[in-house]
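This report describes one structure, part by part. It begins with the terms and then turns to the chain itself.

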Amino acid sequence: MLVVMQAHASDEQVRAVCDRIESLGLKPHPIPGSTRTAIGVTGNKGAIDLGVLESMPGVVECIPVSKPYKLVSRDVKEEDTIVRIPTPLGEVAFGGQSVGMVAGPCAVESLDQSLAIAERIAAAGVKLFRGGAYKPRTSPYSFQGLGEPGLQVLAKVRERFGLGIITEAVDNESLDLVEQYADVIQIGARNMQNFSLLKRAGRAKKPVLLKRGMSATLDEFLMAAEYIMAEGNYNVILCERGVRTFSDFTRNTLDLSVIPAVKKRSHLPIVVDPSHGTGRRHKVLPLSRAGIAAGADGLLVEVHHQPDRALSDGMQSILPDEFDQLVAEVRQIAAVLHRVLN
Ligand code: PEP
Ligand code: MN
């Protein structure tokens, strides 16, 4: 349910409604807008008696939200959410007029490797570095990531170049650590429906980048984001990273048609990962262009200075020179759409 407040409702009135919602055993989620505040209500198993809230000072109306996802929905918040990530190099924003850029190796392999790649990413004018310290791998015999020492490498990257850090948490234990080191917590495709992890991410104080499961429907994807928001973390960035289809010439099929579908249903920003979405280096640039043209709020690209030696995902990692070209082209495409790459 959504409680719509009057444009001039005071903070006290908003607070009083939130207190009342809590006293009913429900959870209030105040959503400030440009003209008025709305309060999302979750936790109800059935219909709530709307009269109790509707008669309170400052309340315009109570609207039942019939969609299974509520906080994620545009019905609850009409304006685009802009997720802002402060980094030592300055803020990076995803959503609205801002297109955010994230790049780095699939995995943190060593300090030298990460510094070499980070140097080129910072030189390209990008402020967010992504590398996995915990890697969810199909085979238990594949490189699983360096764990906490990998997070310490990321801390050095942050310190040396001022880059903000995005890294994946694979379970509740790693999330405790990732939350301390990262500026953004990544939840990977394989964990999109790991509900205890989603709830834990919802209690984290850092923004979350949520990847679409490889066979997830749009509703399932949005419901996963709802899990995070229902716990009180409203800084969620969605990420399309390709789904499994019968196409046999790509690792996954990058579902760019999900971007306008998400935009229609949700206010959350969505970025595109053309690296996992295609699995092949030569497809990353064309699909990056297409993703931005289709309205994505950012890109997440795997870059490696020695892809032939990469411990994971070398085949889809582009070289730093190719990344420079990608940034330059995508900047121009964003400008055509009156958007700014940051
Ligand atoms: C990754 O980002 O390196 C990764 C493992 O991606 P996904 O969860 O999309 O497979
Ligand atoms: Mn990868």
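Helices (H or I, at least four residues) and strands (E, at least two) are DSSP runs, numbered from the N terminus. By that rule Val52 is found in helix H2 (residues 50-54). The model is a predicted one: local features need pLDDT of at least 70, side-chain atom pairs count only at pLDDT 80 or more, and totals for chains, interfaces and linings use all residues. Residues are numbered from 1 along each chain as its sequence is written, chains are lettered from A and ligands numbered from 1 in the order in which they are written, and side-chain values use heavy atoms, with hydrogens and water left out.

**Domains and Val52**

The domain assignment, which is automatic or taken from a database, gives domain 1 (2-63) and domain 2 (83-341). Their centres, taken over C-alpha atoms, are separated by 35 Å. Four residues of domain 1 are in contact with six residues of domain 2, where contact means heavy atoms within 4.5 Å.

Residues are called buried under 20% relative accessible area, exposed over 50% and partly exposed in between (1.4 Å probe, protein chains only). Val52 counts as partly exposed because its relative accessibility is 23%. The C-alpha atoms of Val52 and Pro64 are 14 Å apart, with the two residues twelve places apart along the chain.

**Thr87**

Strand E5 (residues 83-87) contains Thr87. With 10% relative accessibility, Thr87 counts as buried. Its side chain reaches the backbone oxygen of Gly90 at 2.6 Å. Leaving aside residues up to four places away in sequence, Thr87 touches Val92, Lys127, Leu128, Gly162 and Gly164.

**Helix H3**

Helix H3 covers residues 111-123. The expected span of a helix is 1.5 Å times one less than its number of residues, so the 13 residues of H3 should span 18 Å, and the end C-alpha atoms are indeed 18 Å apart. At the start of H3, a side-chain oxygen of Ser110 comes to within 3.0 Å of the backbone nitrogen of Gln113. Gln113 is one of the buried residues of H3, along with Ser114, Leu115, Ile117, Ala118 and Ile121. Their cover includes strand E7 (98-104), strand E8 (128-130), helix H4 (148-161) and helix H11 (320-336). After H3 comes Gly125, with a positive phi near 85 degrees.

**Helix H6 and Leu197**

In helix H6 (residues 195-202), Leu197, Leu198, Arg200, Ala201 and Gly202 are buried. These pack against helix H5 (172-181), strand E10 (184-187), strand E11 (208-211) and helix H7 (218-230). Leu197 has 0% relative accessibility and therefore counts as buried. Beyond four places in sequence, Leu197 touches Ala169, Val170, Asp171, Asn172, Leu175, Ile187 and Asn191. The C-alpha atoms of Leu197 and Leu175 are separated by 8.1 Å, although these residues are 22 apart along the chain.

**Ligand 1**

Which residues are around ligand 1? They are Cys106, Arg130, Lys135, Glu168, Gln186, Gly188, Ala189, Arg190, Lys211, Arg241, His276 and Glu302, each with a heavy atom within 4 Å of the ligand. The table gives polar contacts, that is, pairs of N or O atoms within 3.5 Å.

| Side chain | Partner | Distance |
|---|---|---|
| Gln186 | oxygen atom of ligand 1 | 3.0 Å |
| Arg190 | oxygen atom of ligand 1 | 2.8 Å |
| Lys211 | oxygen atom of ligand 1 | 2.9 Å |

Taken alone, ligand 1 exposes 290 Å², and the protein buries 97% of that. Accessible areas come from the Shrake-Rupley method with a 1.4 Å probe.

Note on methods:
A polar contact is a pair of N or O atoms within 3.5 Å; within protein, one must be able to donate a hydrogen and the other to accept it, and residues adjacent in sequence count only if both atoms are side-chain atoms.
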